[in-house]
Every structure is written in structure tokens, then in C-alpha cells.
Amino acid sequence: MSTVKKLASDTALYGVSTILGRLLNYALVPIQTYAFTKPAAMASNVEFYSWIGVLLVVYTLGLETAFFRFIARSKNAPADEKARIFSQSLSIVICISVLSTILLYSLAPQITNWLNYPGQEQFVRWSALLVAIDSIVAIPFARLRAENRAREFVGAKIMNIVIVVALNVFFLVLAKDISEGKYLMSLQSIAALIYKPEIGPGYIFLNNLIANALYFIIIRKAFAGFRFQLSGQQSQALIAYAFPIMLTNLAAVLNQLTDRLFLRHSLPEGFYPGLSSETVLGIYGNCLKLSVFMALAIQSFKFAAEPFFFSKGEDKNAPKLLADVTKWFIIVCVLIWVGVSLNLDIIGEIFLRSKAYRVGLNVVPLLLLGNLLLGVYYNISFWFKLKDKTQYGTFITVIGSVITIVLNLVLIPVIGYMGCAVAFLVSSFVMMAICYVLGEKYYPVPYHIGSALGYIVGAGALIYLSWQFPIANLWVSVPVHLGLFGVFLGVIAVIERDTFRPILARIRKSKPQTAQIPSESEQIFPGEGQP
């Protein structure tokens, strides 16, 4: 297999595991909202998982990237040198993970009191163990990637996804329902031993903990040759390289998770009549997951585009190519925005199994638009990677995080969870705008600004108008909304007809001529009657 084919194959494989991982969050929404019909029960789950995302960045300290960098520098070094880099990196992560987990484990009562989740100390402990496991296996997973063992990497990730889903179905559907006497009454006493109501949403943490702990068995070969060692000089070099990366990653994660960390604590008492702050967080956290379609499109594009544009960076036609690709990226994302936003009534019915969660669906279009703009930022940020000016990436990310934090603090007390969506949207827009302005200075690209604005404004107007005239009957609303989406798609097809014409012409030219169908006698006696 050539280098290019190998790269394309591995990129596709990594993309599959990432997309499936994101789809996991989506697939679990109907299971978990079926099991816990009251959104307040899911509040701690939403908030704890946000803290898990933050802690993962701190625990790994950016050492995955440092490991890649030091391995690349040791490309021609002996095998024992590469093994030493692996052992050093993993040893540092183990030290951080063990010490931090012991601290979190012992402070669980104080943490639950600080977060105002009394009685959920066990959830904190499971979360701490989960972060430790994920951090420790991060370096072996990085080793698999560095050694081009993509199939092992993806196989392990997919196996983990299957186990997580299976455990959620087993505990939260089968065991819970049977123990409550919904069906299979003969097994009720056995199910009652398995499912404990006092644990409730804690099974979500436990399921992840069990599945991720199995990584130590699934990827045991990736630990081969590990020896715990901390040499002062090399460890310092690894940490010195990794620490700034950790700060950048931390800013990026806070930009994504600030809403869930701040919502419950910043929401005034009684802001939503009859709903507690825990209920509001549970509603918002699960509606947020419905924006996964846009995230999937962005992630898929990043996997394909990064190696492509790095390979084309020095080409004189690269700016025009980047402009054209960005235009079509925006068109695809706008179609996702319109398609999901217009059909949230049926999507909510399918994935949010309890009606209590659906009151927050109006936040989804704003979250989708924020993700769209963030995707455009990722797309146009190639200039600082191609020009080796990655410090601008850190600068822009930090600005975005500051805006997100400030706006969440200001807007949540005024407009509730809509403030979270607006903060994310504004932050994504500012990051995109700064990146564009700086990019025009260092790497000018003839982007199709008018086209992008037209599609985004048109889509926004269509979504807004459709929400002003709600249709209660799904049998009517679904065909109407699908029809509106079809009209919007048709408008784009008409506008972009000059792009499609040469493609259709090439397709017609490449079609093979239809072969003449032989007569029945020729089929039975081939060769008869021929000269």
C-alpha cells in the first residue's frame, strides 16, 4: 500500500472511531431519558461529565502531543530510546493520575457539598477513577497511532462503545424495568439485586468505568515494554513542551463546557416557574446532545481536510481551493442546521423519551449555529498551521474562552439557558472573525463571503419563521417541514447550478455504452450464427 493510500486508510479508520464515539452520546440519550424521566435526576450527570472533560486535560498535561513530537524527533533512534520516551510519558501521567485521584477520592464529601449534590460522594469517586483510567490509557493509544496501528486503535474504541451501550441497556432498561415489575415478573427478585434505585443515574458513571477499565485488557499489547521511570532531564523536557499545549487545550475545553458548569449555579431561584436549577440543567444538557449532527460533520471534515491541506499548502492554487472547500463546507453545515431545526418536533419525540426534556428544544437551533461558526473557524484556521504561527491559535482560543465565561455569567441570570447558547454563539463568531482578519494578513484566501452570508441569513430566516408558526400535529408538521427543507435544498441547487453542470456532464460522459442484449437463442447457444 502506498503512503498516500495508507494515510487515507488510517484517516478513515480514525474518523470511524471518533464519529462512533460521538454517536454514542446521541444513542444513549433515548435510553437515559427513558430511564430517568425527571430531568433533575440527570443534573449531576451533566455537570460531573463536564468536570471530567476539564480534568482529563489536566491529568494528561498535553503529553500525548509531546509524545508524538519526541517520537518524531527520535525517528532514527534505537528502539530502546523510543521505549524510554513512552515509559517516561506514561510514568508522568500515572503519577499525576494516582495522586490527583487519591486527593479527589478523599475529598469526595467536600466536593459534593461544594457542588451542592449531597449524598453523591460515590459518583465523585467513580468520576475520579474514570478520569484516571482515561488519562493512563491515553498514552498507549497515542503509541498505537504513532506506530500506525490504526486497526488496533479503532477496534478498541469500537469495542468500548459496544460495551458501554450494552451496559446501559442492561442496567437502565432491562434490570431497572424488571425490578420495577414492568415485565418478566418471575425475574423481579433477581433484577432487584442488580439494580439499586439509590444509585440511579450513577449507573451511567459505573457503566463507563467498567467499560473503560477493560481497556487495560483490550490494548494490553500497547503497554508492552513499559518500565516506570522518571529521569529528571527528559521528564522536564517532556513537561516543558506539553504544559503550554495543556493550557491551550484547557482553554478550548472550558470554551465548550462552561455552560454546563455555570448554568445551575448562576440561574436565579425560580427563574423557570416550577423547575429547579437541577431540572433546568438536566433539560439543557440533554437537548445539547441533539447538536451532535453538526459536530459529526465538523469532525468528519477535519479528519479529511487536515492531511489534505497540509499536503497542498505550498501549491499556488491552495488559497482558491481552500475558499471553494469552505464554501461547500458551509453549504453542507447550513443544510444540517435547517434540516435538524425544522424537524426538532419529530427528533424530540424519537430521542427525548420523556416530554419533560422537550421544553428546551428551542435552544438547539442556536447551538447548531454556534457549532456551524466554530466549524468555519476550524476550517479557516489552516493558515496559522500552514504558516507555523500556532501561537495565534492559542491567542484566539483564550479570547473565545474569556468571552464564553463572561457572557455565561452575565446572560444566564437574565435569559436562563438561552444565555448559554448565546454565549457559545458569540464566542464562536468572534473566534471565526479574528481568525479571518488575521488570516487575510498572513495568508489571503478569496473566500465566498457573500455566498456564506446569504445562505446563513436565509437559513436563519426560514428557521425563525417556522418556529413562529408551530404545528402541533406531527402528521401535518413533518411533511410540511420536510417540504420546506426540500424547497431550501432546491434553491441552493438552482443558485449553484453552474457548479453542478460540469459534474453532471462528466458523469454522463463516463457512463459506459449500454451493451446490446443478445437474443434468447444466443444466450442458450453462444457462438451460434456468428462468422
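**Exercise 1. State whether glutamine 391 is buried, partly exposed or exposed, and place it in the structure.**

Solution. Glutamine 391 has a relative accessible area of 49%, so it is partly exposed. The cut-off matters here, because a residue counts as exposed only over 50%. The values in these exercises come from a predicted model. Next, the location: glutamine 391 belongs to helix H18. Last, a distant partner along the chain: threonine 248 is 143 residues away in sequence, while the two C-alpha atoms are 9.6 Å apart in space.

**Exercise 2. Work out which residues threonine 397 touches, and whether threonine 397 is buried or exposed.**

Solution. Step one is the element: threonine 397 is also a residue of helix H18. Step two is accessibility. With a relative accessible area of 9%, threonine 397 is buried, because the limit for that class is under 20%. Step three is the list of contacts. Once neighbours within four places in sequence are set aside, threonine 397 is in contact with Thr248, Ala251, Ala252, Tyr377 and Met431. Step four is a distance: the C-alpha atom of threonine 397 lies 8.0 Å from that of asparagine 255, although 142 residues separate them along the chain.

**Exercise 3. Describe the surroundings of isoleucine 405 in helix H18.**

Solution. Helix H18 runs over residues 391-415 and contains isoleucine 405. The relative accessible area of isoleucine 405 is 26%, so this residue is partly exposed. Apart from its neighbours within four places in sequence, isoleucine 405 has contacts with Thr258 and Phe262. Aspartate 259 is 146 residues from isoleucine 405 in sequence, and their C-alpha atoms are 8.0 Å apart.

**Exercise 4. Find how far methionine 159 is from tyrosine 215, in sequence and in space.**

Solution. Begin with the element: methionine 159 sits in helix H7, which spans residues 150-179. Its relative accessibility is 43%, so methionine 159 counts as partly exposed. The separation from tyrosine 215 is 56 residues in sequence and 9.2 Å in space, taken from C-alpha to C-alpha.

**Exercise 5. Give the overall make-up of the chain: how many helices and strands does it have?**

Solution. The chain has 23 helices and zero strands. Of its 531 residues, 48% count as buried. For the contacts, take pairs of residues at least 6 apart in sequence; 84% of these contacts join residues at least 24 apart.

**Exercise 6. Examine two loop residues, leucine 61 and asparagine 116, and say what sets their phi angles apart from the general pattern.**

Solution. The general pattern comes first: most residues other than glycine have a negative phi. Leucine 61 has a positive phi, near 60 degrees. Its place is the loop between helix H2 (43-60) and H3, and its relative accessibility of 11% makes it buried. Asparagine 116 likewise is not a glycine and has a positive phi, about 65 degrees. This residue is in the loop between helix H5 (108-115) and H6. With 47% relative accessibility, asparagine 116 is partly exposed.

**Exercise 7. Describe how helix H3 meets helix H6.**

Solution. Start with the geometry. The axes of H3 (residues 63-73) and H6 (residues 121-146) come within 10 Å and cross at roughly 35 degrees. The crossing is right-handed. Next, name the residues: H3 contributes Leu63, Glu64, Phe67 and Phe68, and H6 contributes Ala138, Ile139, Ala142, Arg143, Arg145 and Ala146. Sorted by class, the residues of this contact are seven nonpolar, no polar and three charged.

**Exercise 8. Characterise the second largest pocket: what is its volume, and which residues and helices line it?**

Solution. The volume of the second largest pocket is about 440 Å³. It is lined by 20 residues, and those closest to its centre are Met432, Ile449, Ala452, Leu453 and Ile456. Four elements give two or more residues each to the lining: helix H14 (318-342), helix H16 (364-380), helix H19 (417-442) and helix H20 (449-468). By class, the lining consists of 17 nonpolar, two polar and one charged residues.

Notes: Residues are numbered from 1 along each chain as its sequence is written. This is a predicted model: local features need pLDDT of at least 70, side-chain atom pairs count only at pLDDT 80 or more; totals for chains, interfaces and linings use all residues. Side-chain values use heavy atoms; hydrogens and water are left out. On a 1 Å grid over the protein atoms alone, a cavity is a set of points where a 1.4 Å probe fits but cannot get out, and a pocket is an open set with protein on both sides within 12 Å along at least five of seven lines; lining residues have an atom within 4 Å of a point. Grid points are joined across faces, edges and corners, and a volume is the space filled by probe spheres set on the points. Ala, Val, Leu, Ile, Met, Phe, Trp, Tyr, Cys and Pro count as nonpolar, Asp, Glu, Lys and Arg as charged, and the others, Gly among them, as polar. Axes are lines fitted to C-alpha atoms, for helices over the stretch in contact, and angles run from 0 to 180 degrees between N-to-C directions. A crossing is left-handed if the near helix is turned anticlockwise from the far one by less than a right angle, and right-handed if clockwise. Contact means heavy atoms within 4.5 Å. Buried means under 20% relative accessible area, exposed over 50%, partly exposed in between (1.4 Å probe, protein chains only).
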